[in-house]
Amino acid sequence: MKVFKESCEDLAFYPDSSNSDLVKALGDYYNLEENRIICGCGSDEILHLLARIYLDKGDEAIVFENAFAVYPLAIQSTGATVVRAREKNFKPEIDTILSSVTDNTKAIFIANPNNPTGSMLTIDEITELHSKIPTNILMVVDAAYAEYVRDQNYDVGFGLAKKNENIVITRTFSKVYGLAGLRVGWAYCPKEIKDILYRIKVPFSVNVAAQKTAIQALKDQDHINFSTKHNSLWLPKLSESLSHLGFVVLPSECNFILMQCPESLGFSANQIYELLSSKGLILRQMDEYGLPDFLRLTIGSEEANNLVLSLLEDLIN
Ligand SMILES: Cc1ncc(COP(=O)(O)O)c(C=O)c1O
């Protein structure tokens, strides 16, 4: 906050359009080549730009059945067709992506781990998928929630991206860094793709305060450790308690839980949403994802988590 407030003194000046200090900080922190990093107004900006440079009318782009909702929007905005690869019980399977590939496929967008399901692919699965797709297809791996993952078989995939010309990894300061309102995302790309993105993007999409605050946030790894520890404690706790109450809880590697409200519960997802909202606890409704009987609960403070559980216990028991 201190850096954010101080940066308000610089508001008369345009931001550095190449985000050079932030790019350097990211390159140093993650040990990545600076000339392959691009920053954007959230990773959303970069996802949309990638769709724009790779897709056109008549092209196809593959996403998983319950993929993050921004991908279809970005794909459709180019005139291309969204192809949904099936999941098995909300779990992504690389075979269904492979069987969806056609001569028209130009891109694959994967959130790893995925919002809203919380599911993930292992680095072996990502590597195998990449090895089996034609090299002209762009593979976008969106690692927005990477910091929360506890599965030992997970890896963001920078190593794979370093060696290949058709993988882009996107990251964000919106999740574990808690800076969603600041709008800073970034991507590690093949140099050629980074150069094209840089040519077509709005030059000043990451403002002065966002650049400076993101650099400071990167230095504050104590905050990240605190948040990820808190998540690792509460994710299993909440998942177990919600299952006991009768919700069907999907395993999650993120900072949220996707849960189904089965008929046996006696209350619909909408009724539960309304009850919790009336107490100031806002869950995410899933109608937009075609999952009207589901709710997504973000892990909150200890107080908020306990309040959710006690309200649900009172309602259901
Ligand atoms: C999987 C995933 N990717 C990307 C984003 C967008 O992040 P940003 O705030 O960096 O645009 C989100 C936000 O909800 C997300 O869930």
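Visitor: How many salt bridges does a search of the whole structure find?

Guide: Keep in mind that this is a predicted model. A pair gets counted when a side-chain nitrogen of Lys or Arg sits within 4 Å of a carboxyl oxygen of Asp or Glu. Run over the whole structure, the search comes back with a salt bridge total of 8.

Visitor: Which side chain meets Asp-28 in a salt bridge?

Guide: Look in helix H2, residues 20–30, about one helical turn away from Asp-28. The partner there is 4 residues apart from Asp-28. With an N to O distance of 2.8 Å, that partner is Lys-24.

Visitor: Is Lys-24 buried or exposed, or something in between?

Guide: Buried needs under 20% relative accessible area and exposed needs over 50%. Lys-24 comes in at 40%, so the label is partly exposed.

Visitor: How many residues apart in sequence are Asp-59 and Lys-106?

Guide: Their side chains form a salt bridge, 3.0 Å from N to O. Asp-59 is in the loop between helix H3 (42–54) and strand E2 (60–64), while Lys-106 belongs to strand E6 (residues 105–111), so the pair ties together parts whose separation in sequence is 47 residues.

Visitor: What does Asp-59 count as, buried or exposed?

Guide: Its partner Lys-106 is partly exposed at 23%. The cut-off for buried is under 20%. Asp-59 has just 11% relative accessibility, so Asp-59 counts as buried.

Visitor: How far apart are the closest N and O atoms of Arg-284 and Glu-288?

Guide: Arg-284 is partly exposed at 31%, and Glu-288 is exposed at 55%. The two form a salt bridge, and their closest N and O atoms are separated by 2.4 Å.

Definitions and conventions. Residues numbered from 1 in each chain as written. Predicted model: local features only at pLDDT ≥ 70, side-chain atom pairs only at ≥ 80, totals over all residues. Heavy atoms only, no water. Helix = DSSP H or I, 4+ residues; strand = E, 2+ residues; numbered from the N terminus. Buried < 20%, exposed > 50% of the residue type's maximum accessible area, 1.4 Å probe, protein only.
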